[in-house]
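Me: Please take a close look at a single part of this structure and describe how it sits among its neighbours. Start from one strand and work outwards.

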Amino acid sequence: MIYQLLPRLFGNKLHNNIPYGTIEQNGSGKFADINEKALDGIKELGTTYVWYTGVIAHGTLTPYDKEGLPANNANVVKGRAGSPYAVRDYYDVDPDLAINVGDRMAEFEALVKRTHQKDLKVIIDFIPNHVARQYRSLAKPAGVKDFGEGDDQLLSFSAANDYYYIPGKTLIPPSPKSDVQTPLAGLMQQKYTESPAKATGNNVFSEKPSIDDWYETIKLNYGMDVQHHSAKHFSPRPELWNKMRDILVFWTGKGVDGFRCDMAEMVPLEFWAWVIPELKKVNPDLIFIGEAYDPTTYKSFLTTGKFDYLYDKVGLYDGLKRLIRSEDHADVNDIRKVWQVESAGFGDRMLRFLENHDEERIASAGFVGKAELALPAMVVTATLSGGPVMTYFGQEVGEPARGAEGFGGEDNRTSLFDYWGIPEHQKWMNDGAWDGGRLGPEQKELRNYYVRLLQFAGTAEAVAKGQLWEIPVGGNMNKRMYGYVRYTANQRLLILVNFDRHYRMESQVQIPQEILKNRKITNVVDKLSDLKLNDIKENTIPVWVLPMSAQILEF
């Protein structure tokens, strides 16, 4: 059970929210803000792992000159705070997150220790496909070579190079989409020079990346000649592989328990097949989660690539989003396809979620506008398999991501790129009391629902290890109504979800003997509400589920 948070936003108490505001104007959360009380609130949601997003030092426009950490060039940084996915020093943490910048690594280590003391484990990002344009490690251990040191920049590709080059060309950073000047316009007057230009992170082999490209990043070279049919040059092993292994070993040594591997499919499968076993020699209990979007490659990344878990975005998330939004083509068949076809045989290794830093907030105007409308989908997310379930900070109190923060714009997402206060989350934070003291009644009810659901799903044997039986369509069930039984010898759960906005779900579900094992149903209790059903006849459970709601019936 994973809880994702950005320390920069999670602990920020300021409410100014000035578009493109500086850290002084808008504030920044710190490692120290995530104290014992905050961790208790996170753990209350059934959490076992906390994914701290944006820990590693990345490109930024905020200078720390006294510590020898200058600001980066505004032409190759997104927003004022910068993207956590444009790492500028793989051996350092983001100085924004420290109370005392000189002690920033010690403050991170203290957070890891606090987290472990609460019997929670720590995940951080590993971004293997690209780094910031101005990558330079000031904190690297003695003897470690920076990326690009020793590269032959006259060659567009060499298996011995860390980067790909566009020889004879100078990088031309893109211009902003709008002619309207932002507060960063003055900073962008400072020229950025990169010659020869390097290939951009999203496989753009041109000196002119567009504003929609990952122009703030440089693509890393694992020995694959991307421009020539992705020809592989893995023998001898490229030095970059060793550098990336050493980075993972470094963070494992800091007490990190797992890595969420960004854009895993853009890095050769052969690298993962080598590096993950290498790290498991250091700590056999490490977990690796791959961000992946191509269902045809899932199995190979889990078997050959040795990943423990993969994202389930393209299958379950996309199908549930259509159902939540009540789109014309929304159909519970999307749920069926996920477990019967797409991830058949490895559903327990798919990470499921309804929000993360890349996706729209459920309560945003662009998604559905009301967090409660996603609760049936969250029940499916939490119970369809025994795989990991993730919640994004603020999801549990209906954070709508309103406002144009800066580079992030009005896009229904909480910005990765800007300093900002997160208003609904701040009501739970309550100026550092972490007691939900400023939440409204509906928000308290929403959070309590998440607490109850996630605590139950995280400890239920039938969810963790049970088989799945789909209930037959009956009564008035339509393409927006679905049910299934998760069961073991010790526990049986009937899970019912109604995505219909207008009609209650009504049916009679006769439970087969293969599930009951000659037992009779005597007690039925909804684990989400404590409602009890009586008078069960002939092992048939009456179904009566209100629109846009769900039940988990233990029998």
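Reply: The model is predicted. The part chosen here is strand 12, which covers residues 258–261 and contains Arg260.

Start with burial. Strand 12 is covered on both faces: Gly258 and Arg260 are buried on one side, and Phe259 and Cys261 are buried on the other. For context, buried residues account for 60% of the 555 residues in the protein.

Next come the strand neighbours. Strand 5 (residues 121–126) runs parallel to strand 12, and four bridges join the two. In this pairing Ile124 stands opposite Phe259. Strand 13 also runs parallel to strand 12, again with four bridges between them. Here Phe259 stands opposite Phe288 of strand 13. Phe259 thus has Ile124 as its opposite residue in one pairing and Phe288 in the other. The connection from strand 12 to strand 13 involves helix 6 (residues 269–282), and the three elements make a right-handed β-α-β unit.

Now the charged side chain in the strand. Side chains of opposite charge can pair when their charged atoms come close. Arg260 forms a salt bridge with Glu291, with an N to O distance of 3.1 Å. Glu291 is in the loop between strand 13 (287–290) and helix 7 (298–303), so this pair ties together parts that are 31 residues apart in sequence. Both Arg260 and Glu291 are buried. The contact belongs to a network of salt bridges that links Arg260 and Glu291 with Asp125 and Asp262.

Other salt bridges give a basis for comparison, since a search of the whole structure finds 29 of them. Lys313 and Asp318 form one, with their closest N and O atoms 2.9 Å apart. Lys313 has a relative accessibility of 16%, so this residue counts as buried under the 20% cut-off. Arg325 and Glu327 form another, at 2.7 Å from N to O. Arg325 counts as partly exposed because its relative accessibility is 31%. Glu327 is partly exposed too, with a relative accessible area of 28%.

Strand 5 also leads to the aromatic side chains. The structure holds 30 aromatic pairs. In one of them, the ring centres of Tyr90 and Phe126 are 6.1 Å apart and the planes meet at 45°, so the pair is tilted. Tyr90 belongs to strand 4 (residues 87–93) and Phe126 to strand 5, so the contact ties together parts that are 36 residues apart in sequence. Tyr90 and Phe126 are both buried. Ring pairs link these two residues into a cluster whose other members include Tyr222, Phe234, Trp241, Phe271, Trp272 and Trp274. Phe301 and Phe307 also belong to the cluster.

Two contacts between a charge and a ring can be added. Arg8 lies over the face of Tyr419, 5.9 Å from the ring centre. Arg361 lies over the face of Phe393, at 5.4 Å from the ring centre.

Finally, the setting as a whole. The protein has 14 helices and 24 strands. Its C-alpha trace spans about 80 × 55 × 45 Å along the principal axes. The radius of gyration is 25 Å, which agrees with the value near 24 Å for a compact globule of 555 residues.

Technical notes:
Residues numbered from 1 in each chain as written. Predicted model: local features only at pLDDT ≥ 70, side-chain atom pairs only at ≥ 80, totals over all residues. Heavy atoms only, no water. Salt bridge = Lys/Arg side-chain N within 4 Å of Asp/Glu carboxyl O. Buried < 20%, exposed > 50% of the residue type's maximum accessible area, 1.4 Å probe, protein only. Pairing = 2+ DSSP bridges. Right-handed = clockwise from strand over helix to strand, strands pointing away. Phe/Tyr/Trp six-rings, centres within 6.5 Å; stacked < 30°, edge-to-face > 60°. Lys NZ or Arg CZ within 6 Å of the ring centre and 35° of its normal. Rg over C-alpha atoms; globule rule 2.2 N^0.38 Å.
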